[in-house]
2 protein chains.
Amino acid sequence: MSLPHALLGLLAVEPRSGYELTKAFTAELGRYAWQAGHTSIYPELGKLAERGLVEVTEEGARGSRTYSVTPAGYAELRSWMLTPRRPAKVRNEQVLRMFLISALEPEDALTLLHGIADRSAAEGAELRRVLGEAPPEIPAGADGFGYLAAEYGLRQYDAVHGWARWAIEKLEARAGAESA
Amino acid sequence: MSLPHALLGLLAVEPRSGYELTKAFTAELGRYAWQAGHTSIYPELGKLAERGLVEVTEEGARGSRTYSVTPAGYAELRSWMLTPRRPAKVRNEQVLRMFLISALEPEDALTLLHGIADRSAAEGAELRRVLGEAPPEIPAGADGFGYLAAEYGLRQYDAVHGWARWAIEKLEARAGAESA
DNA sequence: TAATTCATGTAAATCGTTACATGATTAT
DNA sequence: ATAATCATGTAACGATTTACATGAATTA
């Protein structure tokens, strides 16, 4: 259960409300790393506050509460970040599909692989476009957040794309050899 | 909830018992794609059997039961494989750490990145060694399973390694600029 | 014959998602 | 005024994990 650490990490970068945290999980964070909805975030913030790892440092309009990490919270985050437990929790529906490709008929497998190749190329290009507008160095402090993540996403798309193209070639070679 | 599809996929490649399926989840499948333990696998097999998507095709020693996919089960698998639902479920503790790196002090961030770079290099090398012993073409049928997955893992390690080295360089450049 | 591995299961507790619910503020 | 967005929450259900439990077959 890594949700509490995800929240501590986001709040360590910058204090936020539950609502703002929720938005972070619908962006890249939720897309590549960890998903969570507001119905798990709000109760978890309550638990973290009870444990003294976060605290409400500001209350705003519409009953919004801005949370910050406490020193104890930062210590907990740091410990979790630097001591990876094995095995790490992994769950990725897309990757699962890739692992199961051999279960399909070759024709279906190729259809799926072409879809993966096309999508990874398109999303990589889009991300590259967005990154092209960003500064060439990592901005200091809170602005640096997302910079490393974006580059990770980019390399991820490239890796998936390369793999899909490779797999297509291999499958087509096999099909060719069989019909020959 | 992708567990039923993971099971259908594994059984479509080759009929297995719950025990054998459990072992598959502790190997690469569980490491990169989807985790599950025997306590969720056995009940799920029961549910799939009730729905007519799998059936027991063999009973062996020690009460073991070998399951196979039915035509209906294969149809369900195929449909799930070829129509990716958005957003896909993603949960990866290691990737989460990467996303939260900016929350750490630069010194801690570098420690973490060096650890990631070292581990991805070592695991990539090990996988490369294992793959070096494999045939250069995808084996037909059940033996082809794992071949695509292994190459995916390899490219994954390379991508993570490249990213970590890039991030280390960027962070060191920033640290240098600040102290200058 | 003792330890290990094979092989399956249940129960309780925890975690996560979906559906339901409310009200304040801002933009059109 | 109306719609959209901001902002928080609870309840019920479903999924997952951890702990508990059993016994057969194999290996040392």
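How many bridges join β4(A) to strand β4 of chain B, and do the two run parallel or antiparallel? In this predicted model, the count is 3 bridges, and the strands run antiparallel. The β4 strand of chain B covers residues 90-92. Within this pairing, Asn92(A) sits opposite Val90(B).

The strand pairing is one piece of the contact between the two protein chains. On the chain A side, 73 residues touch chain B, and 73 residues of chain B touch back. Put together, chains A and B bury about 7,300 Å² between them, with carbon and sulfur atoms giving 63% of that area. On the chain A side, the residues that lose the most area to chain B are Arg91(A), Glu93(A) and Phe99(A), which together make up 11% of what that side buries.

Polar links turn up across the interface as well. The rule finds 28 residue pairs in polar contact between chain A and chain B, counting pairs with both residues at pLDDT 80 or more. Several elements of chain A supply at least two residues each to the side that touches chain B, including α1 (3-13), α5 (71-82), β4 (90-92) and α7 (106-132). The top contributor to that side is α8(A), with 17 residues. Sorted by class, the side of chain A that touches chain B holds 42 nonpolar, 13 polar and 18 charged residues. As for salt bridges, 4 are found across the interface of chain A and chain B. In a salt bridge between Asp108(A) and Arg78(B), the side chains come to 2.4 Å, N to O.

Turning to the DNA, strand D is surrounded by 15 residues, and the closest are Tyr19(A), His38(A), Thr39(A), Tyr42(A) and Arg65(A). Of the strand D atoms that come within 4 Å of the protein, 70% belong to sugar and phosphate. Tyr19(A) uses its backbone here: one of its polar backbone atoms is 2.6 Å from a phosphate oxygen of strand D. His38(A) instead reaches a base, with a polar side-chain atom 3.0 Å from a base oxygen of strand D. The side chain of Arg62(A) has an N or O atom 3.1 Å from a sugar or linking oxygen of strand D.

Both protein chains feed into this surface: α2 (18-26) and α4 (38-50) of chain A, along with α4 (38-50) of chain B, each give two or more residues to the surface near DNA strand D. The most come from α4(A), which gives 3 residues. By class, the surface near strand D has 3 nonpolar, 8 polar and 4 charged residues.

How values were computed
Residues numbered from 1 in each chain as written. Chains lettered and ligands numbered in written order. Heavy atoms only, no water. Contact = heavy atoms within 4.5 Å. Buried area = accessible area lost by both parts, 1.4 Å probe. Polar contact = N/O pair within 3.5 Å; in protein donor to acceptor, adjacent residues only side chain to side chain. Helix = DSSP H or I, 4+ residues; strand = E, 2+ residues; numbered from the N terminus. Nonpolar A, V, L, I, M, F, W, Y, C, P; charged D, E, K, R; others polar. Pairing = 2+ DSSP bridges. Near = heavy atom within 4 Å.
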